[in-house]
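Student: Take me to a single part of this protein and look at it closely. How is that part built into its surroundings?

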Amino acid sequence: MSRKLLTLAAAASLVAATFAMVGAAQPAAAAKGKKKPRARIVSVMTPLGLQGDLGAGSNVGIAFVAANAAGNPVEVEMQFGRDLNSDGAITDDEFRPATEDRLDPRDTRSNRPPPLFPATQGEGTSNVIVWQSGQDIGVERFPLVEYLLSVHGRFIPDPSAPGAFLLANGPGGSPILSGVAIRLRTVTRRPGKGKKPRFTFSPWVASEAFALDNTTKPTMKIDSVTAGTPVLVGWRAFSADTEDLDGDGRLGIGQGEDMDGDGRLDGDRMGVAFDWHRLAPGEVPTAMSDAQLEALSWSPCTRLFGAGDTDSLDARPGVPVPASGDFAGVASAHPTRAGQPLTFAWDAARDAGAAADSFILRATPFCEHRSVGKTVYSRTITNLGD
């Protein structure tokens with residue numbers, strides 16, 4: 001998995017930006033009767049834009065401000081949270097320990113013993129702690145807005161709001177609008193009785209939720225289009241997030257496919273949305289760019305069930321992808337391999353009728369992580385009704 005690190009200049013601006021939000025996220029008040037900790041997290045900045053491999057990088061820089069009444073540097077504990085039960089909120093019990101990348105040049109933890117973060121009195125000191133999201137979350141995506149997708153990866157229009165699309169709901173019926181969040185607190189170690197030290201923790205201070213995507217967009221290739229009843233489309237599916245290097249749906253340990261050594265095939269199942277366009281006089285697809293083809297009028301292709309391979313994938317949030325059947329999608333191969341040949345059977349007679357017209361096809365892949373890939377176009381002209 002790639003690590004897209006920010007430049008040192010960008011890191012400096014990230015640190016500087018925290019001064020503008022000091023006091024924006026104050027820690028919860030200490031319990032009544034308890035002594036206020038001398039060290040504390042003043043504020044935590046929410047990362048801007050999409051984070052993760054599809055965004056700014058899987059190493060996520062979290063800017064924060066730390067203060068200490070004694071002016072000494074502080075130890076900081078970090079946790080990440082995500083909506084585990086798909087109820088639309090990140091609650092206290094959904095946070096887990098987060099892995100810090102101390103070697104990332106943005107991380108301001110001291111590289112001299114003791115490796116602590118600078119903290120001063122008053123408004124505190126600006127810092128950056130770097131979260132290794134790939135280590136803790138792996139190949140997953142956590143958008144701030146999760147749209148409901150059809151089994152072909154299409155957005156579903158909202159009948160009550162023209163121009164809008166339906167949101168995906170969790171098991172309880174609440175929209176999934178969670179993303180991920182980071183929370184920090186200081187940890188102060190003091191000598192205790194005997195050899196056992198005493199620890200003092202400041203209250204947690206959390207960022208707002210932000211979007212993170214550590215997946216790789218799926219890709220596909222259209223190999224051939226053969227006219228007939230039905231029209232047969234030869235295609236292949238690819239994903240950089242699969243262990244199934246050749247896309248045969250089986251774990252090949254001897255072929256190096258068990259990359260994490262867990263004895264299980266971690267594939268990335270894929271579905272695809274096929275569309276057709278009836279060519280108008282003067283339209284020459286071989287002379288058109290992808291942008292020009294995109295601007296044409298397209299209609300969904302209907303698959304002839306019982307022929308070819310499935311194009312459908314049930315990838316609802318919080319619901320396991322079916323292991324087999326028409327809604328299980330297909331196995332994807334790694335982009336460096338040839339992949340398995342697949343066939344889509346287009347019921348052209350149902351969609352386009354029996355007119356002796358010419359058509360072209362396009363296809364858009366999506367994967368079990370609900371990441372939608374780039375549309376590919378077949379410029380092969382298919383003549384029907386001749």
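Tutor: Start with one facing pair: Arg-362 stands opposite Tyr-377, a residue of β17. This is a predicted model, where local features need pLDDT of at least 70, side-chain atom pairs count only at pLDDT 80 or more, and totals for chains, interfaces and linings use all residues. Numbering runs from 1 along each chain as its sequence is written, and side-chain values use heavy atoms, leaving out hydrogens and water.

Our part is strand β16, residues 358–367. Strands here are DSSP runs (E, at least two residues), numbered from the N terminus, and helices are H or I runs of at least four. β16 belongs to an open sheet of four strands. Read across that sheet and the order is β14-β13-β16-β17. The pairing is antiparallel; strands pair if DSSP finds at least two bridges between them.

Where does the sheet end? Its edge strands are β14 (299–300) and β17 (376–383). Each of these two pairs on one side only. β16 has β13 and β17 for neighbours in the order.

Now take those neighbours in turn. On the β17 side, five bridges join the two strands, which run antiparallel. The Arg-362 and Tyr-377 pair belongs to this side. Another facing pair here is Phe-359 with Thr-382 of β17. On the β13 side, nine bridges make the connection. β13 covers residues 270–278 and also runs antiparallel to β16. Here Gly-271 stands opposite Phe-366 of β16.

Is β16 buried or exposed? Nine of its 10 residues are buried, so the strand is largely enclosed by the rest of the structure. Buried means under 20% relative accessible area, exposed over 50%, and partly exposed in between (1.4 Å probe, protein chains only). One general point helps when you turn the view. In a regular strand, side chains alternate between the two faces of the sheet.

Now step away from β16 for a contrast. Ala-338 sits in the loop between β14 and β15, the latter being residues 342–346. Ala-338 has a relative accessible area of 57%, so this residue is exposed. Which residues does Ala-338 touch? Arg-236 and Phe-238, not counting residues up to four places away in sequence. A touch, or contact, means heavy atoms within 4.5 Å. Ala-338 and Phe-238 are 100 residues apart in sequence. In space, their C-alpha atoms are 8.9 Å apart.

Another loop gives an intermediate case. Leu-177 lies between β6 (141–142) and β7 (180–190). With a relative accessible area of 40%, Leu-177 is partly exposed.

Return to a strand for the buried case. Thr-125 is in β5, residues 125–132. Thr-125 counts as buried because its relative accessibility is 18%. Leaving out residues up to four places away in sequence, its contacts include Phe-64, Val-65 and Ala-66. Pro-118, Ala-119 and Thr-120 are also among them.

Finally, zoom out. The protein chain has four helices and 17 strands. Of its 386 residues, 44% are buried. Look also at contacts between residues at least 6 apart in sequence: 69% of these join residues at least 24 apart.
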